[in-house]
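Okay, thanks for coming, everyone. I'll put the sequence and the structure up now, and then talk you through what I looked at this week.

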Amino acid sequence: METTHPLNVLIVEDEVLLATELSFLIEEVGCRDVGHAMSSDEAIALASALKPDLALVDVHLRDGPTGIEVARRIAADCGGIALFMTANVKRLPADFAGACGVIGKPYSEHGVKTALNFLKVCLREGRAPGLPPVGFQLAPEWAERWGLGDMAQSA
Amino acid sequence: MTDHDLKSQRSGESLARELQQALDQKTALLHEVEHRVKNNLQLISSLLLMQARRTPDPAVRSALQGMLERVNAVATVHRRLFQSEDVERFDVSAFIRDLVSDVVGASGRHDIKATLNLERIDVPAVKAAPLALLFSELLGNAIRHAFPDGRPGEISISAVRENAHFRIEVADDGVGTETEDVRPGFGQTIIKLLCEQLRADCETTNANPGVRTVIRLPVNGKH
């Protein structure tokens, strides 16, 4: 039997209550919460040090709308995958700054859990187990990579 | 071109520029408000979830879960409302599809099947939240009460246009009303009040087996 290590997840969110609650959700789906960052500097420092598998990134952080740059840096320099969690889905860049997708706020507990479970499979198998769950929009580049071609849009 | 013509052309251009600037500002403001509404809904729902997690009393937990479901219904409205280009109209069927997927999924009841028969139905955006709350109560009731003790079953949901009405139906093939608590609960109160506000009729009947609730909403119900 192969033993897959739990996904290490970094939370980049300046609203502490949301970060705290996300931490519970992450643990509940069998992932590991490795740290919280509230600003872009913290996020990049933690991502470089901890090398998380996945970073959940809000666009608006303590130092402004810097989450997009954080995602770009994580994708380029830290070897991890970023996933946006934002109320501003429409204002993300077309290339998603290298992030694998976005969960729109306000999200539900179930929405986050199914998205994380979906991503666990994508990361383990290198292929999506099906269409992304409701509320989770996959970036075109990653949809392609995970075998969904141009079907990135969830209903 | 005379001096006068040049002047009026320039003032026309500067007026256009000012108007564009004013419009840009208003658009930015609208985005800002949208952003805050969504973030605040997220905050409220996360707070409720956190407290539900911590409370040892099952009755309190269940009350908090009920409120969480209602807040989530309103949150789903706002996610949908701002997603579309048209913020005046609300696509009821798209909302129902999202909410059913979320609520049935969150119940963890893989033995409950939801079947959907949805036509495109648009209502004015002002009706979106009350209608969403109303639907959420009906769906929640079916999931909570129709299939006790691991009884499997099906919830059939339809939203169609019927003459001058929109007809929204939630029917289950569960245990029926006999086993339910006869006292009108908070959920029933909400249903009654929201129907008054929406000028909707709500009829619950025995579906043999199970319960069927039909809501009829006037298509052009002006407020």
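So, start with helix α4 of chain B, residues 128-145. This helix lies across four strands of chain B, namely β2, β4, β5 and β7. Against β5(B), residues 165-172, the helix runs at about 15 degrees. Keep in mind that this is a predicted model.

While we're on that helix, let me pick out one residue. Ala129(B) is found in α4 of chain B. Is Ala129(B) buried or exposed? Well, Ala129(B) has 17 C-beta neighbours inside 10 Å, so this alanine counts as partly exposed. To be buried, a residue would need 20 or more. And what does Ala129(B) touch, if you leave aside the neighbours within four places in sequence? Val74(B) and Val77(B) are in contact with it. Arg36(B), by comparison, is 93 residues away from Ala129(B) in sequence, and the C-alpha to C-alpha distance between the two is 17 Å.

Now the sheet under the helix. In chain B, five strands make an open sheet, and the order across it is β2-β4-β5-β7-β6. The pairing is mixed. Which strands stand at the edges? Those are β2, 112-118, and β6, 201-206, both in chain B; each has a single partner strand, so one side of each is left without a neighbour in the sheet. On average, neighbouring strands here are turned by 10 degrees against each other, ignoring direction.

Quick reminder for anyone who doesn't do this every day: strands of a sheet pair through backbone hydrogen bonds, either parallel or antiparallel.

Let's walk across from the β2 edge. β2(B) pairs with β4(B), residues 153-162, in the parallel sense, over seven bridges. If you want a spot to click on, Leu118(B) stands opposite Ala159(B) in β4(B).

Ala159(B) is handy for the next step too, since Ala159(B) also stands opposite Ile168(B) in β5(B). That takes us to the pair β4(B) and β5(B), which is antiparallel, with eight bridges. The two strands form a hairpin with two residues between them. Have a look at Asn163(B) in that hairpin: its phi is positive, near 55 degrees.

One more step over, β5(B) is joined to β7(B), residues 211-218, by seven bridges, and these two strands run antiparallel. Here the residues to find are Glu169(B) and its bridge partner in β7(B), Val214(B).

Okay, zoom out to the whole of chain B. How many helices and strands are there? Five helices and seven strands, and along the sequence the pattern reads α-α-β-α-β-β-α-β-β-α-β-β. What about its dimensions? A compact globule of 223 residues would have a radius of gyration near 17 Å, but chain B comes out at 23 Å. Along the principal axes, its C-alpha atoms fill a box of roughly 90 × 50 × 30 Å. Buried residues make up 31% of the chain. If you take the contacts in chain B between residues at least 6 apart in sequence, 70% of them join residues at least 24 apart.

Then there's chain A. This chain has five helices and six strands, running β-α-β-α-β-α-β-β-α-β-α from the N terminus. A compact globule with its 155 residues would have a radius of gyration near 15 Å, and chain A has 14 Å, which agrees. The C-alpha trace spans about 40 × 35 × 30 Å along the principal axes. Of the residues in chain A, 52% are buried.

So where do the two chains meet? The contact takes 19 residues from chain A and 22 residues from chain B. On the chain A side, the elements that give two or more residues are α1, 16-28, and α4, 109-125. The largest share, five residues, comes from α1(A). By type, that side of chain A divides into eight nonpolar, seven polar and four charged residues.

Last thing, the confidence scores. The model has an ipTM of 0.89 and a pTM of 0.88. Chain B averages a pLDDT of 90, and 94% of its residues score at least 70. Within chain B, confidence is highest in β2(B), at 97, and lowest in helix α1, residues 3-54, at a mean of 90.

That's what I've got, so over to you.

How values were computed:
Residues are numbered from 1 along each chain as its sequence is written. Chains are lettered from A and ligands numbered from 1 in the order in which they are written. This is a predicted model: local features need pLDDT of at least 70, side-chain atom pairs count only at pLDDT 80 or more; totals for chains, interfaces and linings use all residues. Two strands pair if DSSP finds at least two bridges between them. Axes are lines fitted to C-alpha atoms, for helices over the stretch in contact, and angles run from 0 to 180 degrees between N-to-C directions. Two residues are in contact if their C-beta atoms, placed from the backbone, lie within 7 Å. Ala, Val, Leu, Ile, Met, Phe, Trp, Tyr, Cys and Pro count as nonpolar, Asp, Glu, Lys and Arg as charged, and the others, Gly among them, as polar. The radius of gyration is taken over C-alpha atoms; the globule rule is 2.2 Å times the number of residues to the power 0.38. A residue is buried if 20 or more other C-beta atoms lie within 10 Å of its own, exposed if 12 or fewer, and partly exposed in between; C-beta atoms are placed from the backbone. pLDDT is the predictor's confidence in each residue, from 0 to 100.
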